[in-house]
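Got your viewer open? Grab your mouse and let's take a walk through this protein, one selection at a time.

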Amino acid sequence: MKIGIVGLPNVGKSTLFNALTRAGAQSANYPFCTIEPNIGIVAVPDKRVDFLANFYKAKNVVHATIEFVDIAGLVKGASKGEGLGNRFLAKIREVDAIVHVVRAFDKSDIIHVEGSVNPERDIETINIELELADLETLDKRKDKNKSEPVPLLKDKPVIYVYNVSEDKMFSPSLEGVAPPQKGGDGVVDGVVLCAQIESELASIDDESERKELMSAYGLEQSGLDRLITEAYKTLGLISFLTAGEPEVRAWTIKNGSKAPQAAGKIHTDFERGFIRAEVVSYDDFVACGSLLKAKEAGKVRSEGKDYVVKDGDIIHFRFNV
């Protein structure tokens, strides 16, 4: 699954991407510094994986991952080819969901393409460009007399990220940061973070030092972890777990997947020769203290091919090929 990070120039997209991936994508105070999309694979934070890895003293630990793409900033008129519009729109069609970074910080030495900070206007600018691009796509299809459904940009799930200054980071609500919802109560929901602080945190390799700095900033969880978790949820994904001394791993599946499809994520033979799945929920495993005790307590279930896998299930598959 691929998520595109988009936004107007100089909103903090590349700073956020660098922090997410520690990939060091060029970040400069210039509208089109990210011309070629940068791609990074990001681990999904999961305390369940960490707990099981420690419990089993696992030799190998694998978290679920999401692919993030830093896509060049667009400007008003992108649907007509302004700025890097056409290249931007071509790349955004390839992603499964969008992280829309919105500038909510005011800093005179960082240019805003519209001359002032206004989250509501900026969100509207990008939404209009996406809608205009969709109309153009539909018109082209009409001209070619093609009747099959067209994937539209406006239908892609969107997560809004409000990049704020340090003093706004601890606002108890989005009021004063996010724009109001059109025709609704409250504001456009999203993740509030300070990309500059996230970048600072991401640059620290020592875990205890990072926690110390987070504590100094009053953060229990980094903004990046919240964003990654939200992205996973927005894509409709869940994780099931396999656990033992050789390896603890989170496997990514679509919410609603049945046991044979989950087994197929490990190996196609597992799906083809599926017999049953031996399942214990993560919570039951922790509460019982071990797999053996979970079995003794009747918490390990034998499930067939119609079982819908739940997030956090620890599964051992039985198969025969």
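Before the first stop, one term: two residues are in contact when they have heavy atoms within 4.5 Å of each other. With that in hand, look at the whole chain. Of the contacts in the protein with a separation of 6 or more, 68% are between residues 24 or more positions apart. Keep in mind as you go that you are looking at a predicted model.

**Stop 1: the whole protein**

Switch to a cartoon view. You'll find eleven helices and twelve strands in the protein. The chain has 321 residues, and 46% of them count as buried. Now turn on the surface: the accessible area is about 16,700 Å², and carbon and sulfur atoms hold 49% of that.

**Stop 2: the largest pocket**

Select Val44, Pro45, Asp46, Ser222 and Asp225. Among the 35 residues that line the largest pocket, these five lie nearest its centre. Several elements give two or more residues to this lining: helices H1 (13-21), H2 (47-56), H5 (195-202), H6 (207-217) and H7 (223-234), plus strands S2 (38-43) and S8 (237-243). Which element supplies the largest share of the pocket lining? Colour H7 and you have it, with six residues. The space in this pocket is about 1,100 Å³. Try colouring the lining by class, too: 17 residues are nonpolar, 13 are charged and five are polar.

**Stop 3: the cavity**

Next, look for enclosed space. How many cavities of 30 Å³ or more are there? The count comes to one, and the space inside is about 40 Å³. To find this cavity, select Val6, Ile98, His100, Ile126, Asn127, Leu130, Val158 and Tyr160, which line it. Strand S5 (97-103), helix H4 (119-143) and strand S6 (158-163) each give at least two residues to the lining, and H4 has the largest share, with three. By class, the cavity lining has six nonpolar residues, two polar ones and no charged ones.

**Stop 4: Pro119 in H4**

Stay with H4 and select Pro119, which is found in this helix. Why does Pro119 count as buried? Its relative accessibility is 15%, and the cut-off for buried is under 20%. Now add Arg103 to your selection. Pro119 and Arg103 are 16 residues apart along the chain, and their C-alpha atoms are separated by 6.3 Å.

**Stop 5: Asn163 in S6**

Move over to strand S6 and pick Asn163. Is Asn163 buried or exposed? Asn163 counts as buried because its relative accessibility is 4%. Show its neighbours: leaving out residues up to four places away in sequence, Asn163 touches Val11, Gly12, Val101, Val102, Arg103, Ala104, Phe105, Leu193, Cys194 and Ala195. Zoom in on Ala195 in that group, where the backbone nitrogen is reached by the side chain of Asn163 at 2.9 Å.

**Stop 6: Asn60 in S3**

Now jump to strand S3 (residues 60-62) and select Asn60. Asn60 is partly exposed, as its relative accessible area is 34%. Add Pro246 to the view: Asn60 and Pro246 are 186 residues apart along the chain, with 6.2 Å between their C-alpha atoms. Setting aside residues up to four places away in sequence, Asn60 touches Pro246, Glu247 and Val248. Show side chains here, and you can trace a polar contact of 2.8 Å between those of Asn60 and Glu247.

**Stop 7: two positive phi angles**

For the last stop, think about backbone angles. Most residues other than glycine have a negative phi. Select Asn10, where phi is near 60 degrees, a positive value in a residue other than glycine. Asn10 is in the loop between strand S1 (2-6) and H1. With a relative accessible area of 11%, Asn10 is buried.

Then select Lys57, in the loop between H2 and S3. What is phi for Lys57? The angle is near 50 degrees, again a positive value in a residue other than glycine. Whereas Asn10 is buried, Lys57 is exposed, with a relative accessible area of 60%.

Methods. Residues are numbered from 1 along each chain as its sequence is written. This is a predicted model: local features need pLDDT of at least 70, side-chain atom pairs count only at pLDDT 80 or more; totals for chains, interfaces and linings use all residues. Side-chain values use heavy atoms; hydrogens and water are left out. On a 1 Å grid over the protein atoms alone, a cavity is a set of points where a 1.4 Å probe fits but cannot get out, and a pocket is an open set with protein on both sides within 12 Å along at least five of seven lines; lining residues have an atom within 4 Å of a point. Grid points are joined across faces, edges and corners, and a volume is the space filled by probe spheres set on the points. Helices (H or I, at least four residues) and strands (E, at least two) are DSSP runs, numbered from the N terminus. Ala, Val, Leu, Ile, Met, Phe, Trp, Tyr, Cys and Pro count as nonpolar, Asp, Glu, Lys and Arg as charged, and the others, Gly among them, as polar. Buried means under 20% relative accessible area, exposed over 50%, partly exposed in between (1.4 Å probe, protein chains only). A polar contact is a pair of N or O atoms within 3.5 Å; within protein, one must be able to donate a hydrogen and the other to accept it, and residues adjacent in sequence count only if both atoms are side-chain atoms. Accessible areas come from the Shrake-Rupley method with a 1.4 Å probe; for residues, only the protein chains shown count as cover.
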